[in-house]
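This report describes the surroundings of the ligand and then turns to one lysine residue. Please consult the sequence and the structure while reading.

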Amino acid sequence: MDKKIIFSGAQPTGYPQLGNYLGAFKNWSNLQEEYNCLYCVVDLHAITVRQVPADLRKASRNLLALYIACGLDPEKNIVYMQSHYSGHAELAWILNCFTYMGELGRMTQFKDKSAKNEANINSGLFTYPVLMAADILLFGTHLVPVGEDQRQHLELARDVAIRFNNIYGDVFTVPEAYIAKSGAKIMSLTHPEQKMSKSDDDNSQINLMDSPEVVMRKFKRAVTDSDTEIRYDKEKKPGISNLLEIYANSCGISLDSAIAHFDGKNYGQLKTEVGEAVVENVMQPIQTSFADISANKDYLDGIMKKNAEKAAYIGEKILKKVKKKVGFVV
Ligand code: AQP
């Protein structure tokens, strides 16, 4: 293990949306040569919101296939299901005892998700960041590539690691967030002041499985403003700024080049070109590859099993050390 370690994951709460791809998956595949990477389908996290069991199972397999379709080589990266290695849940319990109620109550995701799921504000939703801290700390992770929305959770993971280390000595590596400069917060198409989310209204998001027609329709209906000038200004023109960011990231060009490209053009042209760039550069390659991978059940099962064993091999070393430190008989 001479290279630095990266850990990240996504929830199998339906098909991922464009923000998951541009903010996370796309960066993950760019990091696979330089780091030892673990990418997990975080199904334990997903049940903090009530799921239909058959749908969760299907979404979990699809997400793993999508990781590979988005460019993660399963021979170079450890891609697996979180529930296939019990070390995540074990360490989460221990870390729960080192995390304060006040810290968890401040988490904005908890506040947002509680507001959306008033009938089911369960304690898993509250302790979600502790499980995330366990996911990360279990592997001696150095870097965590995530979207901007996860920055606060990452800070908490760092605080818990430092707290534990202060009591027991150097057990955990204190992780750093890896947040891309552009694309880290793709906004909703219908409410551009909010982030795009896969559990929000269908028209607000580009689902990675949407057909080209649906993608073009959603971009055409994207909320902009009553002005006519294409300019990047997140405060005053959130809708237009979001479209420019999506264009730049989908084409792999800088934001400045995207802004220059649309100089003198109108909103209609912007929406059409953004839609075309997303379809051609993002959706089509991913969907073609996903269809091949997901059709091969044995291949996916083999990857899941082999990689969960690899994750457990790495995780057990740290977990055993933690258990010893807190005083368990090991
Ligand atoms: N809008 C976004 N822009 C950039 N990055 C984003 N991410 C999520 N939304 C955006 C990043 O995607 C990774 C996986 O996220 P997740 O599925 O674990 O959970 P999430 O952040 O809660 O994503 P959603 O789509 O909003 O899911 P639901 O609706 O189920 O809660 C993370 O790195 C995240 O930062």
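In this predicted model, the ligand is surrounded by 23 residues. Asp149, Lys195, Ser197, Lys198 and Ser199 are the closest of these. Sorted by class, the shell around the ligand consists of 12 polar, six nonpolar and five charged residues.

Three polar contacts to oxygen atoms of the ligand are set out below.

| Residue | Protein atom | Distance to a ligand oxygen atom |
|---|---|---|
| Lys195 | polar side-chain atom | 2.7 Å |
| Gly147 | polar backbone atom | 2.8 Å |
| Gln11 | backbone N or O atom | 3.1 Å |

Lys195 thus appears both among the closest residues and as a side-chain contact to a ligand oxygen atom. On its own, the ligand has 640 Å² of accessible area, and the protein covers 97% of it. The largest pocket is the space that the ligand takes. Two elements, β1 (5-10) and α1 (18-31), each give two or more residues to the shell around the ligand. The greatest contribution comes from α1, which supplies four residues.

A further residue to consider is Lys185, placed in the loop that runs between β5 (176-178) and α9 (212-220). Is Lys185 buried, exposed or partly exposed? Its relative accessible area is 35%, so Lys185 counts as partly exposed, a class that lies between the limits of under 20% for buried and over 50% for exposed. In sequence, Lys185 is 57 residues from Asn242, while in space the two are 8.8 Å apart, C-alpha to C-alpha.

Technical notes
Residues are numbered from 1 along each chain as its sequence is written. This is a predicted model: local features need pLDDT of at least 70, side-chain atom pairs count only at pLDDT 80 or more; totals for chains, interfaces and linings use all residues. Side-chain values use heavy atoms; hydrogens and water are left out. A residue is near a molecule or strand if one of its heavy atoms lies within 4 Å of it. A polar contact is a pair of N or O atoms within 3.5 Å; within protein, one must be able to donate a hydrogen and the other to accept it, and residues adjacent in sequence count only if both atoms are side-chain atoms. Accessible areas come from the Shrake-Rupley method with a 1.4 Å probe; for residues, only the protein chains shown count as cover. On a 1 Å grid over the protein atoms alone, a cavity is a set of points where a 1.4 Å probe fits but cannot get out, and a pocket is an open set with protein on both sides within 12 Å along at least five of seven lines; lining residues have an atom within 4 Å of a point. A molecule sits in a cavity or pocket if more than half of its atoms lie within 2 Å of its grid points. Ala, Val, Leu, Ile, Met, Phe, Trp, Tyr, Cys and Pro count as nonpolar, Asp, Glu, Lys and Arg as charged, and the others, Gly among them, as polar. Buried means under 20% relative accessible area, exposed over 50%, partly exposed in between (1.4 Å probe, protein chains only).
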